Every structure is written in C-alpha cells, then in structure tokens.
Amino acid sequence: MALAQGDIVIIGLDAESWDRFAILATTDLAEGEVVRFTTSNWDTANGDFVDEANYIEWTVPVGGLAAGETVVFSERYGSTWHTGTPASLYSNSFGSPTEVGEVNIFGETNGITNEELFVFQGPPGNPTVISGLVTNDSSTDIPPGLNSTNGLVNVTGNNTDTVDLAEYSGISTGTRAEILAAVGDSANWGHEGGSTYNGGTNAVGAGETDLLDGFDLLNTTFDIICFTPGTLISTVTGQRPVQDLQVGDLVVTADNGLQAVRWIGRKHLTGARLFAFPELRPIKILAGSLGNDLPERDMWVSPQHRMLLNEPVLNTRFGEPEMLTPAKGMCNANGVFVDRTCVRIDYIHILFEQHEIIFANGVKTESFHPGDRSVKGLTHTARQELFEIFPELKANPKMFGPSVRPTLSVSEMQMFVQAKTGHQPPVLQMMRAL
C-alpha cells in the first residue's frame with residue numbers, strides 16, 4: 001500500500017567516513033513494501049528530484065515492520081549498502097550483518113555528500129515523498145506538504161556540505177502525532193561530541209558520547225531479562241498472570257517474604273525483528289522438564305532471563321549451593337529449547353526494590369535486574385520511567401545493587417547440560433516451590 005507522509009521518519013544520519021542512516025516506522029509496514037532514499041535536492045518547479053538516477057531501494061522484510069521498529073543502513077566498501085545493528089552504525093568494521101529486508105542500489109555509489117536525505121516511494125521522476133532531513137545550509141527546496149509535524153527534520157548544518165553526525169534522542173513511544181512532533185523538534189537532536197547539533201566534530205569530548213539515547217533504541221547488543229504473557233507469578237493472593245500485575249502488588253519472594261512491585265516494563269518484538277535477530281527468540285521450557293514436576297506448565301522466558309539452580313555439584317565446584325544461569329545456557333537439556341515457531345513476542349519486566357528470587361509457574365527465577373546491557377534493551381519511555389523511580393540509575397545502572405545470587409555463565413551451564421543430557425530424572429534440578 002502507499003505510505004503517507006510521516007509513516008517513516010529519519011532518526012539518524014552520519015556522512016563521516018562510511019555513510020550511515022537510521023529510520024523509525026511510525027506505522028506498521030507490510031512485508032514487500034518498497035521504500036527509496038535519495039540525497040538529491042528537491043526541484044519544486046518540476047515536482048521531482050534533481051538527480052533521478054541515484055538512489056537506494058529497500059524492500060520491507062518478511063513479517064513486516066511494526067510501528068516503533070527501527071532499521072539502520074550502512075554503506076560498505078564504497079558501492080554496497082547493508083542493513084544491520086546500530087552498534088555497527090558508527091563502526092568501519094560493519095562485518096556481515098543480518099539483513100533486514102533487501103537493499104538495492106540504483107546509479108552510482110550514492111554516498112551521502114549533501115545536506116539532505118529524503119525518503120520516498122515511486123519513481124524519482126514522479127515521487128511521493130514520505131519524510132526528509134535537511135539542514136539550514138541545504139540548498140534544496142522542501143517537497144510540498146512536508147513539515148516538522150509530519151516527517152521533516154531541520155537541523156543546523158556545518159557549512160561544509162555534509163552532515164558529520166546527527167542523531168535523534170527524543171521519545172520512541174506515544175501516539176504517531178507525538179512521535180512525529182518530537183522527531184521534527186530540533187531540540188531533540190544531538191551531534192557527535194555534544195547535545196546540540198551543529199554539524200558535529202570528528203572527536204568526542206570528555207564526558208560526551210556519540211551514541212545518544214535515541215540510538216540506544218536501535219541497539220541489539222542488549223540483554224532482555226523478562227517473562228512472557230501467560231506466565232503465572234506467585235503473589236499474596238495466589239498465582240496471577242504476569243501481564244495482569246500492577247505496581248504495588250505484593251509478590252512472593254524466596255528471601256524477603258512479600259515484596260511490592262516497583263516498576264513494570266514491556267517490550268514487543270515483531271516477527272521482522274525476530275527474523276532479523278534470532279538471538280532474541282524466547283526459550284521454551286516444557287512442563288516438568290526441570291525436575292520435581294516443574295515448571296507446572298510450559299513457560300517461555302527471554303534468552304538472558306536467569307533461572308535458579310540447586311545442584312550439589314555447584315557447591316562442590318564453586319562453593320555455592322545455588323546459582324543463577326541464563327535460560328539460553330540450558331538449551332539442549334531435556335525439554336529446554338529455542339522456540340523458533342513464534343511469529344512475535346511480548347517481554348514483560350518486573351522490578352522490585354532490590355534483585356529478588358520469585359516464583360514463575362512454580363519455578364524459582366529472577367526479577368528484573370538493571371544493568372548497562374539490560375537497560376539498553378528498554379524503550380526510551382521505559383528508561384525514563386525507571387530513572388524517575390531510581391534516579392541514580394541514569395548515571396550508572398550498576399548502582400541498583402548486586403545480583404541476588406552468583407551467576408553461572410552460559411558456557412559453564414552448557415558443560416553441565418552436555419554431561420547430563422539423556423540422564424533420568426530430568427537433567428536440571430530446581431528448587432521446589434513453596
């Protein structure tokens with residue numbers, strides 16, 4: 001279907017060294033949708049782009065792209081473009097990224113050498129312009145109807161005919177109108193080496209960063225520590241679905257009795273995101289597979305969600321009677337595996353005053369524990385909510401406190417799994433439920 005102005009917005013542009021840019025969908029994009037990008041000026045007199053020969057064409061991947069999802073594009077080796085992760089957006093070593101949809105090049109290299117970038121559909125000689133980023137130094141006209149409330153970004157340039165680095169750091173959740181207004185507000189844009197975009201520098205000053213909060217949303221090198229809808233959490237009133245919990249509800253903990261929920265976060269991953277980043281697919285744990293008839297029913301958790309182990313060998317080898325281990329480390333055990341069948345997933349985080357051991361489907365497991373990597377996995381709005389409750393985490397997520405139990409690494413856990421696979425009773429013995 002044809003897209004409207006603002007359905008896709010630009011949230012980052014880097015023309016320093018390898019050229020890179022990032023987009024955010026403000027509406028669901030259907031698989032197979034064709035979107036194009038150009039750095040050409042707009043010609044008002046003719047109603048088209050001055051340069052019709054050179055542009056990038058992107059096809060939305062299988063499963064589509066949901067509103068709020070992002071894609072990063074990077075030039076590689078002078079004549080090819082790839083989609084990938086934002087961790088690579090500022091790296092000259094782009095590696096071999098997982099492609100998010102198909103990218104084709106028309107014309108020359110199409111490097112970003114001007115002071116503008118436009119998103120459009122249709123042929124460049126008769127385009128429908130969706131959004132654009134321009135600077136005050138740009139000589140381009142503005143396509144008709146495009147403004148700061150429906151997809152146009154106008155930042156301050158640096159008088160050298162290039163955008164070294166401009167990046168959005170505003171909200172990523174909210175109504176479509178709210179997001180478009182935030183993206184169109186130059187106050188929500190930063191640059192390499194400071195908080196106000198002025199064309200940037202090639203270096204980052206002390207205490208500054210070249211990766212603002214807006215691009216943390218694109219980062220896939222994070223840890224998601226959470227449950228999935230349908231998981232039953234033990235509370236003061238009995239077992240309740242995790243998606244029904246509210247802040248203030250009293251939850252049963254293994255160490256500290258009843259504890260009130262301080263914060264709840266949610267993250268939705270579409271089929272497109274799971275296809276592009278299979279490492280984010282949930283781990284399925286079959287009922288009874290952990291011993292002692294646990295879990296009481298099938299359950300799904302995020303790969304980095306840690307489960308509590310209680311095996312004699314832990315005390316013998318590590319001097320610890322109990323240890324936590326990421327669920328992905330338990331794969332290849334009887335009844336524990338990556339669920340490759342799900343087409344989308346919702347992850348739900350539960351936070352308490354401190355890191356706790358709680359009961360999910362009768363199994364002892366962890367609550368959400370903020371850290372550098374797990375906080376990066378949150379949406380911008382979720383991070384802001386978290387920082388309002390625990391302001392000290394904004395400066396340093398590690399200030400939340402230590403893990404409630406020592407952690408067994410994935411590789412260490414896999415050694416145990418390999419040694420015990422096929423043994424009966426089930427390979428992993430968890431603590432009994434209350």
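Let's start in the loop between β20 and β21, where Asp-293 sits. Strands here, like helices, are DSSP runs, numbered from the N terminus: a strand is E with at least two residues, a helix is H or I with at least four. This is a predicted model, so local features need pLDDT of at least 70 and side-chain atom pairs count only at pLDDT 80 or more, while totals for chains, interfaces and linings use all residues. Residues are numbered from 1 along each chain as its sequence is written, and side-chain values use heavy atoms, with hydrogens and water left out.

Back to the loop. Asp-293 is not a glycine, yet its phi is positive, about 60°. Most residues other than glycine have a negative phi, and most peptide bonds are trans. Is Asp-293 buried or exposed? Exposed, with a relative accessible area of 66%. The cut-offs: buried means under 20% relative accessible area, exposed over 50%, and partly exposed in between, with a 1.4 Å probe and protein chains only.

Pro-295 belongs to the loop between β20 and β21 too. The peptide bond joining Leu-294 and Pro-295 is cis, with omega about -10°.

Now compare another loop. Asn-361 lies between β26 (357–360) and β27 (363–366). Its phi is positive as well, about 50°, and Asn-361 is not a glycine. But Asn-361 is buried, at 1% relative accessible area.

Next, the sheets. Strands of a sheet pair through backbone hydrogen bonds, either parallel or antiparallel. Here, two strands count as paired if DSSP finds at least two bridges between them.

One open sheet has three strands, in the order β21-β20-β24, with antiparallel pairing. Which strands stand at its edges? They are β21 (299–301) and β24 (336–338). Each has a single partner strand, so one side of each has no neighbour in the sheet. The twist averages 25° from one strand to the next. For such angles, axes are lines fitted to C-alpha atoms, for helices over the stretch in contact, and the angles run from 0 to 180 degrees between N-to-C directions. Strand β20 (residues 283–285) is joined to β24 by three bridges. Ile-285 stands opposite Val-336 in β24.

Another open sheet has six strands: β9-β6-β3-β10-β11-β12, with mixed pairing. Its edge strands are β9 (102–106) and β12 (152–155), and each pairs on one side only. The twist here averages 15° from one strand to the next. Inside it, β3 (residues 34–38) and β6 (residues 55–59) run antiparallel, over four bridges. Val-34 has Thr-59 as its bridge partner in β6.

On to the cores. A nonpolar core is a set of buried Ala, Val, Leu, Ile, Met, Phe, Trp, Tyr and Cys residues joined through side-chain atoms within 4.5 Å. The largest has 36 residues, and Phe-21, Phe-37, Trp-58 and Phe-73 have the most contacts inside it. Apart from it lies another core, of 29 residues. Among its members are Val-261, Leu-408, Ile-285 and Val-336. You met those last two as opposite partners, one of them in β24.

Now helix α1, residues 176–183. Ile-179, Leu-180, Ala-182 and Val-183 are buried there. They cover an arc of only 160° around the axis, which puts them on the same side of α1. That arc is taken from the directions from the helix axis to the C-beta atoms.

Last, the cysteines. How many disulfides does a search of the whole structure find? Zero. A disulfide would need a pair of cysteine sulfur atoms within 2.5 Å. Cys-226 is buried, at 1% relative accessible area. Cys-331 counts as buried too, at 9%.
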